[in-house]
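Work through the exercises below with the model open beside the text. Each task is followed by a solution in steps.

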Amino acid sequence: MSTLHPARTITVGPTGPHEWNAAAQAYTAALPHDPISGDELRKRNEEQRAWGHHAGVLVARQAGEVIGSASYFQDPGAFHPQRFTLELAVHPDHQGHGAGAALWQALDGQLRALNAESARILAREDHPVAPGFLARRGFTGDKRYFTSALRLDTFDPRPYEALEQRLKALGVHVRSLSELRAAGTPDLTGRLHGLMSEVRQDVPRAEPATPLARQVFEEAVLGDPGLLPGAYLVAEHGGAFIAQTALYHSEASPDLLTGLTGVTRPWRGRGVATLLKVAAARAGQALGAPLIRTDNASDNAPMLAVNDRLGFVRDPASVSHLVRFT
Ligand SMILES: CC(C)(COP(=O)(O)OP(=O)(O)OC[C@H]1O[C@@H](n2cnc3c(N)ncnc32)[C@H](O)[C@@H]1OP(=O)(O)O)[C@@H](O)C(=O)NCCC(=O)NCCS
């Protein structure tokens with residue numbers, strides 16, 4: 001005789017057409033520093049498939065209710081045909097009843113069927129269950145990241161006025177994507193793609209960077225419905241784009257999320273990243289947002305120093321865990 005009441009049986013399968021919101025809600029409730037909405041989750045999945053990547057989202061259901069989700073996809077910025085990025089979470093109200101184990105079992109089967117070589121997943125090192133859950137399933141942790149948040153109600157940009165004046169005197173100006181569009185900047189998309197391609201080369205990451213295709217840049221960066229054109233900021237000098245930062249919003253949270261901040265090599269060490277991040281914080285304040293969130297590799301000393309000085313408060317580290325299937 002089964003000890004399980006039938007109503008408690010957990011099943012796992014592909015996300016149904018009406019389950020995207022519930023899948024995203026379970027994930028966001030478990031990992032509030034990484035919010036995502038149902039539309040955003042579905043868009044990411046469709047986009048991945050349109051690029052020819054392997055991608056899917058599984059849900060765990062109990063008594064007809066979605067209680068957890070697991071995603072697999074392929075990082076377009078560090079692409080390898082047999083390597084995957086994973087996300088897995090169970091709604092906090094339903095943890096500890098076997099949903100996480102069932103999701104992993106299904107995901108593992110799916111990835112093996114795709115002839116996966118390896119996969120990576122992030123887990124907070126202070127989570128009471130996740131690091132052990134992953135270790136028992138063959139994952140090992142390596143690269144560390146910090147998510148951090150800046151409160152905008154107390155952020156004071158005034159101490160940075162001298163820096164702003166100094167860089168202005170050098171001819172460095174900050175322009176938003178909205179301003180660049182309104183000015184009819186020629187070949188704007190090509191130049192923004194060029195800038196991002198240049199600055200992303202030196203971002204520390206767990207897997208080697210691969211070129212960012214123009215189509216991926218247009219669809220996943222400029223085409224992200226959460227992109228805030230007034231807070232996608234470029235530093236310009238003599239007509240050249242020398243640095244960038246960007247803020248996004250998610251339908252799942254009032255907080256703003258940071259895209260890539262980067263400065264071209266000749267301009268590093270002169271305060272340009274700070275200038276841009278202060279301008280982004282001002283833009284966030286103008287939007288009335290409560291927080292800006294960001295995440296950085298723990299060995300990205302210059303970016304962490306900039307963020308610490310601005311008042312970003314670090315969360316406990318998130319660790320990238322690697323599993324090999326071969
Ligand atoms: C990690 C997580 C997915 C596990 O999901 P879950 O449904 O609670 O886990 P299960 O009930 O299926 O149990 C899975 C394992 O965790 C153990 N576990 C579950 N809850 C536990 C608890 N409160 N204390 C100790 N161990 C626990 C189980 O004993 C089981 O052990 P096993 O590895 O020997 O099989 C869930 O805690 C979660 O969503 N965490 C936040 C999201 C996250 O960090 N994701 C990234 C890493 S997966």
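**Exercise 1. The strands of the sheet**

The model is predicted. Trace the connections of E9 and E10, then find what else pairs with E10 and E9.

Solution.

Step 1. Start at the turn: two residues link E9 to E10 in a hairpin. E9 covers residues 240-250 and E10 covers residues 253-258, and the two strands run antiparallel with four bridges between them. One pair to look up is His249, whose bridge partner in E10 is Leu256.

Step 2. Move to the other neighbour of E10. Strand E12 (residues 291-297) pairs with E10 over two bridges, in the parallel sense. Here Leu256 stands opposite Ile292 of E12. Leu256 thus serves as a reference point for both pairings, with His249 on one hand and Ile292 on the other.

Step 3. Return to E9 and go to E8. These strands are antiparallel and are joined by seven bridges. Glu236 faces Phe241 in E9. The connection is again a hairpin with two residues between the strands, and Gly238 in that turn has a positive phi of about 55°.

Step 4. Finish with E7 (residues 172-176), which pairs with E8 (residues 227-237) in the antiparallel sense over five bridges. Arg175 has Val234 in E8 as its bridge partner.

**Exercise 2. Two helix pairs**

Decide how H1 lies against H2, and how H7 lies against H8, from their crossing angles.

Solution.

Step 1. Recall what is needed. Two packed helices are described by the angle and the distance between their axes.

Step 2. For H1 and H2, the axes come within 7 Å and cross at roughly 105°. Angles of 65 to 115 degrees count as roughly perpendicular, and H1 and H2 are therefore roughly perpendicular to each other.

Step 3. List the residues that meet. H1 brings Trp20, Asn21, Ala23 and Ala24, and H2 brings Gly38, Glu40, Leu41 and Arg42. By class this contact has four nonpolar, two polar and two charged residues.

Step 4. For H7 (residues 188-199) and H8 (residues 214-222), the axes come within 10 Å and cross at roughly 95°. H7 is therefore roughly perpendicular to H8. Thr189, His193 and Met196 of H7 make the contact with Arg214, Phe217, Glu218, Val221 and Leu222 of H8. Its residues divide into four nonpolar, two polar and two charged.

**Exercise 3. The two domains**

Describe the side of domain 1 that touches domain 2.

Solution.

Step 1. Set the bounds: the domain assignment gives domain 1 as 6-116 and domain 2 as 148-315. Their C-alpha centres lie 29 Å apart.

Step 2. Count the contacts: 17 residues of domain 1 are in contact with 16 residues of domain 2.

Step 3. Place them on the elements. Helices H1 (20-30) and H2 (38-50) each supply at least two residues of this side of domain 1. H2 gives the largest share, three residues.

Step 4. Sort by class: seven nonpolar, five polar and five charged residues make up this side of domain 1.

**Exercise 4. The ligand shell**

Which residues are closest to the ligand, and which elements supply the shell?

Solution.

Step 1. The ligand is surrounded by 22 residues, the closest being Ala89, Gln95, Gly100, Ala101 and Ala130.

Step 2. At least two shell residues come from each of strand E4 (83-90), helix H3 (99-113), strand E5 (118-124) and helix H4 (130-135).

Step 3. By class, the shell holds 14 nonpolar, six polar and two charged residues.

Technical notes. Residues are numbered from 1 along each chain as its sequence is written. This is a predicted model: local features need pLDDT of at least 70, side-chain atom pairs count only at pLDDT 80 or more; totals for chains, interfaces and linings use all residues. A residue is near a molecule or strand if its C-beta atom, placed from the backbone, lies within 6 Å of it. Ala, Val, Leu, Ile, Met, Phe, Trp, Tyr, Cys and Pro count as nonpolar, Asp, Glu, Lys and Arg as charged, and the others, Gly among them, as polar. Domain bounds come from an automatic or database domain assignment. Two residues are in contact if their C-beta atoms, placed from the backbone, lie within 7 Å. Two strands pair if DSSP finds at least two bridges between them. Axes are lines fitted to C-alpha atoms, for helices over the stretch in contact, and angles run from 0 to 180 degrees between N-to-C directions. Angles under 35 degrees count as roughly parallel, over 145 as roughly antiparallel, 65 to 115 as roughly perpendicular and the rest as oblique.
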